[in-house]
Amino acid sequence: MVQNDIVLAFSGGLDTSFCIPWLRERGYAVHTVFADTGGVDAEERAYIEARAKELGVASHVTVDGGPALWSGFVRPFVWAGEGYQGQYPLLVSDRYLIVEAALKRADQLGTRAIAHGCTGMGNDQVRFDLTVKALGDYAIVAPIREIQKEHTQTRAYEQAYLEARGFGVRARQKRYTINENLLGVTLSGGEVDRWQAPGEGARGWCAPRAEWPSEPLRATLVFERGEAVALDGARMPGHALLARLNAAFARYGVGRGLYTGDTTIGLKGRIVYEAPGLAALLAAHRALEEAVLSKQQNRFKPEAARKWVELVYEGFFHDPLKADLEAFLASSQRCVGGEVVLETAGGRVDAVEVRSPHILNAKGATYAQSADWGVAEAEGFIRLYGMSSTLWAEVNRGKIA
């Protein structure tokens with residue numbers, strides 16, 4: 001039988017493991033791509049490669065996705081400084097870079113067939129499919145969506161399917177869906193989906209309170225044009241800097257949250273997430289911006305940032321509006337440079353010192369302390385600034401029941 005080549009974005013988890021034998025049994029020669037976006041150690045990386053071979057792939061490649069994840073997502077995300085619905089830090093945005101790696105492999109093999117392990121109930125299917133459609137003319141095969149046409153308990157079906165063919169399933173994969181990369185960790189499934197308190201198994205990098213170190217942690221970040229370029233005096237690539245922040249602040253339980261949000265397809269999604277490095281970066285960047293941006297910049301920028309976040313969350317990574325917004329965000333960072341000292345004793349992180357030549361200090365005035373203007377000037381400003389509200393009150397006093 002002549003087999004058709006297909007490229008599968010592979011993570012080694014339950015869904016993508018299921019996809020390999022399912023595709024092979026339908027006549028495909030499966031070529032897997034693991035885009036290592038920084039969330040796994042050498043042991044896990046080796047496991048993923050071995051798992052692909054165990055499941056019978058025609059070829060497997062691992063791609064270092066850390067630098068692309070930093071430049072393509074982290075840098076503009078930190079510029080934006082907003083989480084989705086005010087909280088979620090878009091931890092699965094590596095999906096867009098995973099798709100790009102899979103398409104590159106497909107082009108190398110001369111095939112136009114792409115497969116992914118996304119479900120028909122989640123957001124990732126939208127991100128994968130829209131990215132594929134934006135980047136070329138490819139056929140998309142989604143095995144998990146296919147089996148959902150006939151099976152409602154898909155994870156149980158996938159597990160039984162693999163075990164019937166002699167392939168084991170990891171214990172954690174039986175209970176939770178776990179996503180891990182340079183950005184952080186998300187966990188769903190089990191009691192999390194039932195709106196119950198997360199069990200001890202629903203924990204990734206962040207240490208529980210009982211294990212936090214007794215001594216506070218301090219870290220100094222240097223920013224140039226809104227991008228973190230150095231940590232504690234050492235310059236390093238962005239993806240390496242984020243990895244160090246993850247390790248340092250995870251020990252103090254920083255960046256862990258329980259989030260319920262409105263998904264792209266309309267369902268409520270509930271997850272445990274952990275993003276210690278991003279929490280530290282966002283805290284430092286926001287403190288610096290608050291000091292160096294103008295009042296009007298600080299007021300308006302969150303509006304553009306929220307739209308950028310919505311586009312990325314909902315799959316429009318290659319929409320032209322996203323590029324337009326990034327041009328604005330980049331412009332807003334012209335003077336966002338300096339040093340920020342972060343401190344944590346556990347659970348939260350605060351920016352305790354800000355040093356920058358761009359801080360908007362008035363030479364002769366300090367808020368609530370001293371001023372280089374007179375009382376008459378202050379009273380005149382208040383009268384004019386509040387004129388509309390004052391007139392409304394005067395005109396309507398006693399006329400409204």
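A residue counts as buried when its relative accessible area is under 20%, as exposed when it is over 50%, and as partly exposed in between. The exercises below use these words for a predicted model.

**Exercise 1. The chain as a whole**

Task: State what share of the chain's residues is buried, how many helices and strands there are, and what the C-alpha trace spans along its principal axes.

Solution.
- Step 1. The chain has 401 residues, and 47% of them are buried.
- Step 2. Its secondary structure consists of 15 helices and 14 strands.
- Step 3. Along the principal axes, the C-alpha trace spans about 90 × 55 × 45 Å.

**Exercise 2. Helix H3**

Task: Compare the expected span of helix H3 with the distance between its end C-alpha atoms, then find where H3 has a kink.

Solution.
- Step 1. H3 covers residues 66–80, which is 15 residues.
- Step 2. The expected span is 1.5 Å times one less than the number of residues, so H3 should span 21 Å.
- Step 3. The end C-alpha atoms of H3 are 20 Å apart, which agrees with that value.
- Step 4. A kink of about 35° is found at valine 74, shortly before proline 76.
- Step 5. Both Val74 and Pro76 are among the buried residues of H3, which also include Trp70, Phe73 and Trp79.
- Step 6. Just after H3 comes glycine 81, with a positive phi of about 75°.

**Exercise 3. Helix H11**

Task: Carry out the span check for helix H11 and say how many of its residues are buried.

Solution.
- Step 1. H11 runs over residues 276–292 and has 17 residues, so at 1.5 Å a residue it should span 24 Å.
- Step 2. Its end C-alpha atoms lie 25 Å apart, in agreement with the expected span.
- Step 3. Twelve of the 17 residues are buried, so H11 is mostly covered.
- Step 4. Among the buried residues are Leu278, Leu281, His285, Leu288 and Glu289.
- Step 5. As background, residues three or four places apart in an α-helix point the same way, because there are 3.6 residues a turn.

**Exercise 4. Three salt bridges**

Task: For the salt bridges of glutamate 44, aspartate 124 and glutamate 224, name the partner and the parts of the chain that are linked.

Solution.
- Step 1. Side chains of opposite charge can pair when their charged atoms come close. The structure holds 25 salt bridges.
- Step 2. Glutamate 44 pairs with arginine 170, with the closest N and O atoms 2.8 Å apart. Glutamate 44 is in helix H2 and arginine 170 is in the loop between helices H7 and H8, so the pair ties together parts 126 residues apart in sequence. Glutamate 44 is partly exposed at 22%, and arginine 170 is partly exposed at 32%.
- Step 3. Aspartate 124 pairs with arginine 95 at 2.9 Å, N to O. The pair joins helix H5 to helix H4, across 29 residues of sequence. Aspartate 124 is buried at 18% relative accessibility, and arginine 95 is buried at 9%.
- Step 4. Glutamate 224 pairs with arginine 235, the closest N and O atoms being 3.0 Å apart. This pair links strand E8 with strand E10, its residues lying eleven residues apart. Glutamate 224 is partly exposed at 39%, whereas arginine 235 is exposed at 57%.
- Step 5. Salt bridges with shared partners also form one network of Arg218, Glu339, Glu343, Glu353 and Arg355.

**Exercise 5. Two polar contacts**

Task: Find which side chains asparagine 123 and serine 332 contact, and decide whether each of the two is buried or exposed.

Solution.
- Step 1. Asparagine 123 sits in the loop between strand E4 and helix H5. Its relative accessibility is 11%, so asparagine 123 counts as buried.
- Step 2. The side chain of asparagine 123 makes a polar contact of 2.8 Å with that of tyrosine 313.
- Step 3. Serine 332 belongs to helix H13 and is buried, with a relative accessible area of 6%.
- Step 4. The side chains of serine 332 and glutamine 333 are joined by a polar contact of 3.0 Å.

**Exercise 6. A surface patch**

Task: Name the residues that form a nonpolar patch on the surface with Leu267, and place leucine 267 in the chain.

Solution.
- Step 1. The patch consists of Met121, Ile265 and Leu267, which together have about 260 Å² of accessible area.
- Step 2. Leucine 267 lies in the loop between strands E11 and E12.
- Step 3. Leucine 267 has a relative accessible area of 44%, so it is partly exposed.

Technical notes. Residues numbered from 1 in each chain as written. Predicted model: local features only at pLDDT ≥ 70, side-chain atom pairs only at ≥ 80, totals over all residues. Heavy atoms only, no water. Patch = residues over 30% accessible without salt bridge, like charges linked within 9 Å, V, L, I, M, F, W, Y side chains within 5 Å. Areas by Shrake-Rupley, 256 points an atom, 1.4 Å probe, with all protein chains shown as cover. Salt bridge = Lys/Arg side-chain N within 4 Å of Asp/Glu carboxyl O. Helix = DSSP H or I, 4+ residues; strand = E, 2+ residues; numbered from the N terminus. Buried < 20%, exposed > 50% of the residue type's maximum accessible area, 1.4 Å probe, protein only. Bend = angle between axes of the 7 residues up to and from the residue. Polar contact = N/O pair within 3.5 Å; in protein donor to acceptor, adjacent residues only side chain to side chain.
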